[in-house]
Structures are given as structure tokens and as C-alpha cells.
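These are my notes from one sitting with a single protein model. I kept them in the order in which I looked things up.

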Amino acid sequence: MKRIYRIIPMLTALLLAAALAACGDSQTQSSSGQTSAFREEAEPESVASSLPQAAQPDEQEKTPRVLVAYFSATGNTRNVAQQLEAVLGAELYEILPQEPYTEADLDYNSEDCRANQEQNDPDARPAISGTPEDPGQYDLAFLGYPIWWGQAPKILYTFLESCDFGDAAIVPFCTSGSSSIGSSAEALQELAPDADWLPGQRFGGDASREEVAAWVESLGLDKLNPAG
Ligand SMILES: Cc1cc2nc3c(=O)[nH]c(=O)nc-3n(C[C@H](O)[C@H](O)[C@H](O)COP(=O)(O)O)c2cc1C
């Protein structure tokens, strides 16, 4: 049985708690009259910390291990990843290039900039500085990246080729100027064919916690049915 099906009851509880967290956050906001979506005060309770109250899972069952892995060259995807970390109570992992990207490397108007060269080279696999310890331990991995010319940066290819997530569920998300997630996630799927890839989501760089929490809730993991 695929692992996603074994953890459905706990993911359901996790999503319920995510909904409660989002709800609590928006209530706090409206009562304070502040518009900022990301304030230090009145942080919504993380899903992991509220899981026992929300679900009372069988003591034999393990709480699902959730990872949020992301690459971010200029901080936008990091923002979304950090919102996810807070909403889910997940572990956060930043995919770091061995050679950091400079501003010139990212100047996509310059045909020969490093980012463009990598995206144009099917074999480019920029070196990464490490991988999460024992990727196979995770039941659910969110995978975040910026859109570069309609696709994931090649460093994501390096990452997936270096990490074996086994049959975990993987949920891609991206940030972009305007492009949708498009075919970027499908290209990544080929690098981890044993995983259960769920539909991905594009965010703007300034995505709010409510937006991210609403997306998590909408994933409908609780509706997955191994028999149906
Ligand atoms: C080389 C390069 C190519 C890009 N290509 C696209 C694109 O095709 N469509 C788009 O909407 N934005 C594109 N962008 C903008 C980024 O996707 C956007 O700024 C993203 O939020 C950056 O995320 P980060 O701050 O996490 O690196 C591109 C940026 C770079 C550096």
C-alpha cells in the first residue's frame, strides 16, 4: 500500500488543524485591524503542536513527518516555505547551491548569465551544498522553487537526483513574476517517479500566511481514497 494512503487519517487531522490555524490567524487580524499577514504576535498554533488535540490518533500510529524543502535565489520562495513551515509545523530545509547565485548570475536579460545558461543546458546540474538527512523518513515533502523560464531551476534536478524520497507524497509549489507552475512540476516528477506527486501551486512572492494555509487546506489529502 502506498505510504500516502497509510497516513491519510493523520494528514486529515493535519489539514483540519491547518484550517483552524488559518481561521485563528484571520480572526486575530480582523480584531486588531492590522493588515500585515505575518506578525510575530498571535502566531497561529502549528499543526504539529495541535495534532493530538485535533485528532487523537491511535497511539500505534506515528505522526507523519513533513518536510518543506525549497530553493530560493532572492527570497520569495523562502517566504512561502516559511509560511508553510509555520502552518504545518514542518521541518524546513533550504536547498543551497555550492556556488551562490550573484545578481549578475540572475540577470535573465543577459543571454549568457549563469541562470540562463543552466536553464538552456539539459545536462546542467548545479552542485548543492548538501541534502536532508535520510530523505526516505518523510511521509510528505513540499518542494518549492522559483520559476525560471517556465521551469524549475536546474538545482532542483540536482536535488531530486541526490535525494531518494521513496514513495513519499511530494507537493510542488513555486513563486514567479506571473507564470503559472505549468509543466515545471511534470519535469521534476520524472526524477522521482516512485513518489506520489500531488498537484502543485504557484504563489506570488508576497503570499500571506492565510493564502498558504488555505492552499494546504484545499489540497484535499483527506479525500484521497485508496479504494476509489
Ligand atoms: C533566470 C530567471 C528566469 C525567470 N523566469 C521567469 C518566468 O519564466 N516567468 C515568471 O513569471 N517569472 C520568472 N522569473 C521571476 C522569478 O520566478 C520570481 O522573481 C521568483 O519569485 C523568484 O523567487 P526567489 O526569490 O525565491 O528566487 C525569473 C527569474 C529569473 C532569475
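Entry 1, a side chain against a backbone oxygen. In this predicted model, I looked up the side chain of Arg114 and found one of its polar atoms 2.9 Å from the backbone oxygen of Glu99. Arg114 belongs to helix H5, and I wanted to know whether to write it down as buried or exposed. Its relative accessibility is 16%, and because the cut-off for buried is under 20%, I entered Arg114 as buried.

Entry 2, a second contact of this kind. I turned to Asp139, which sits in the loop between H5 and strand E3 (140-146). Here a polar atom of the Asp139 side chain lies 2.8 Å from the backbone nitrogen of Arg65. With a relative accessible area of 6%, Asp139 is buried, and I noted that this holds for a residue placed in a loop.

Entry 3, the overall layout. I stepped back to list the elements and found eight helices and six strands in the protein. Read from the N terminus, they follow the order α-α-α-β-α-β-α-β-α-β-α-β-β-α. Of the 228 residues in the protein, 48% are buried.

Entry 4, helix H4. This helix covers residues 76-88, which makes 13 residues, and its first and last C-alpha atoms are 19 Å apart, close to the 18 Å expected at 1.5 Å a residue. Which residues of H4 are buried? I wrote down Thr77, Asn79, Val80, Ala81, Gln83, Leu84, Val87 and Leu88. Just past the end of the helix, Gly89 adopts a positive phi of about 65°.

Entry 5, Leu88 and helix H8. I followed Leu88 further, since this residue of H4 has a relative accessibility of 2% and counts as buried. Its C-alpha is separated by 8.6 Å from that of Val216, although the two residues are 128 apart along the chain. Val216 is listed among the buried residues of helix H8 (residues 209-218), together with Arg209, Glu210, Val212, Ala213 and Trp215. After H8 I again met a glycine with a positive phi, in this case Gly220 at about 70°.

Entry 6, Tyr70 and Pro172. I made a similar check on strand E1 (residues 66-70), where Tyr70 is placed. Tyr70 is buried at a relative accessible area of 3%, and its C-alpha lies 9.5 Å from that of Pro172, with their positions 102 residues apart in sequence.

Entry 7, positive phi outside glycine. Which residues other than glycine did I record with a positive phi? One of them is Asp134, at about 50°, in the loop between H5 and E3, the loop in which I had already placed Asp139. Another is Trp149, also at about 50°, in the loop between E3 and helix H6 (154-162). Trp149 has a relative accessible area of 55%, and since exposed means over 50%, I put Trp149 down as exposed.

Entry 8, the cysteines. I searched for disulfides and found zero in the structure. I then looked up the burial of two cysteines, and both Cys113, at a relative accessible area of 5%, and Cys174, at 0%, are buried.

Entry 9, the largest pocket. Rolling a probe the size of a water molecule over the atoms shows where empty space is left. The largest pocket came out with a volume of about 510 Å³. It is lined by 22 residues, and those closest to its centre are Tyr108, Pro146, Ile147, Trp148 and Gly177. How do the lining residues divide by type? I noted eight nonpolar, 13 polar and one charged. Helices H4 and H5 (114-120) each contribute at least two residues to this lining, so my last entry leads back to the helix of Entry 4 and to the helix that holds Arg114.

Note on methods. Residues numbered from 1 in each chain as written. Predicted model: local features only at pLDDT ≥ 70, side-chain atom pairs only at ≥ 80, totals over all residues. Heavy atoms only, no water. Expected span 1.5 Å × (residues − 1). Buried < 20%, exposed > 50% of the residue type's maximum accessible area, 1.4 Å probe, protein only. Disulfide = S-S within 2.5 Å. 1 Å grid on protein atoms, 1.4 Å probe; cavity = no way out; pocket = protein on both sides within 12 Å on 5 of 7 lines; lining within 4 Å. Points joined across faces, edges and corners; volume = space filled by probe spheres on them. Nonpolar A, V, L, I, M, F, W, Y, C, P; charged D, E, K, R; others polar. Polar contact = N/O pair within 3.5 Å; in protein donor to acceptor, adjacent residues only side chain to side chain.
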